[in-house]
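Here is my note on the cavities and pockets of this model. Please read it with the structure open.

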Amino acid sequence: MIDKKSIFNGLQDIAAATDTDIASRVDALFAPDAKWRVAHPINEMVGAQTALEKVYLPLIRAFPDVERRDLMFVGGSYEGRHYVGAMGHYCGTFEQDWLGIPASGEPAYLRYGEVYQVEDGRVVQANLLWDILDLVYALGYKPLPDSRGVERMWAGPFTNQGLQLGTNDAAQSNASLEQTLAMHQTLVAADQLVSTRESLLAMDQRLHWHPKMMWFGPAGIGTTRGLAGFVDHHQLPFRQAFQRPQGTPEEIKALRDAHNANHYVRIGDGAYSLTGGWPAFPCVHHGDGFLGQKATHKLITMRVMDFYHHHEGLIRENWVPIDMLDVLMQLDIDLLSNLEPEFMKRRAGAVS
């Protein structure tokens, strides 16, 4: 059993910390040898002290009045491991450059999906998909073509009940996760090589999505509404650009295992469920158009989470953090470095 409220409070305490007390707050929540997997360009590290220096101190120095605004907080167990997951925004005044991005001096939001593995009340692994590209967009930079979906701040669950800090009915939690996995199976079963708009709308995924479904995608893809919006603005373009490797089930499993490309978390918690992979699956960039890029034919992987809200027996909302900067790096596009001339102009303007 996970004390979700204790982890929730610990994360809030870290966000509210200062230079003088953040070390003790990190030590209180994280095991000394905890592992961190953070969105690019921060990436992977081991140890609370390293994370303090590379993750948390830079964040609170860049946004001195930062606060966590969790929209969803859930927990559960998978393969004997215990997890909590959070989705929401950090909010603060962007007062100091961060990750090379020039400070604006104005309020800013950093969207996140976070999953923590917990043992004996302390976090032993942190998976932090921070949507750094969304922050870049919000500051007025346009490094990529217009998204097909709408670029807008993510809303929370429409019931306003995303913070699940207590204990939920096990049967409902299991049913939520089972529905998510059943929907996933419809996607796997579909022949990716012959996907068309009509086939995607007609296939069995439609049995699991609510008529008023919302799909909240990362920066670069955007948000969509309804199954048709999901297919038109994300699913079809994505399948046209990325092909999952073909072969026998044994061959595909061997490839996934070689890249450690499987879900590390699958949990249900009341009317919510969560899955995630670091990475989720290998795929080949075989088609033009995704993020305005020509096909590279590279085999890449994706760091991804899916937060689901189940309502009226169907999946009504789906929030999908993806490490888009990491995807671009695998396509040989170092977006933050490419933006450096624009960053320099912004800094020069601030000085003058």
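1. The second largest cavity holds about 40 Å³. Lining it are Leu59, Phe63, Val66, Tyr90, Cys91, Gly92, Ala108, Tyr109 and Leu110. Two elements, β4 (81–93) and β5, give two or more residues each to this lining. By class, the lining has 8 nonpolar residues, 1 polar and no charged. Keep in mind that this is a predicted model.

2. The whole structure has 4 cavities of 30 Å³ or more. The largest encloses about 60 Å³. Its lining consists of Leu11, Ile14, Ala15, Tyr56, Leu59, Ile60, Val66, Arg68, Tyr90, Glu114 and Tyr116. Here α1 (4–15), α3 (48–62) and β5 (107–119) are the elements with two or more lining residues. The class split is 9 nonpolar, no polar and 2 charged.

3. Now the pockets. The largest has a volume of about 1,200 Å³. It is lined by 43 residues, and Leu187, Val188, Arg244, Arg256 and Phe281 are the closest to its centre. Elements that each supply at least two lining residues include α5 (170–189), α7 (226–241), α8 (249–258) and β14 (304–311). The lining comprises 22 nonpolar, 13 polar and 8 charged residues.

4. The second largest pocket has a volume of about 380 Å³. Of its 19 lining residues, Gly75, Gly76, Ser77, Gly268 and Asp269 are the closest to the centre. Two or more residues come from each of β3 (67–78), α5 and β10.

5. Which element gives the largest share of the lining of the second largest pocket? That is α5, with 4 residues. By class, this lining has 6 nonpolar, 10 polar and 3 charged residues.

Notes. Residues numbered from 1 in each chain as written. Predicted model: local features only at pLDDT ≥ 70, side-chain atom pairs only at ≥ 80, totals over all residues. Heavy atoms only, no water. 1 Å grid on protein atoms, 1.4 Å probe; cavity = no way out; pocket = protein on both sides within 12 Å on 5 of 7 lines; lining within 4 Å. Points joined across faces, edges and corners; volume = space filled by probe spheres on them. Nonpolar A, V, L, I, M, F, W, Y, C, P; charged D, E, K, R; others polar.
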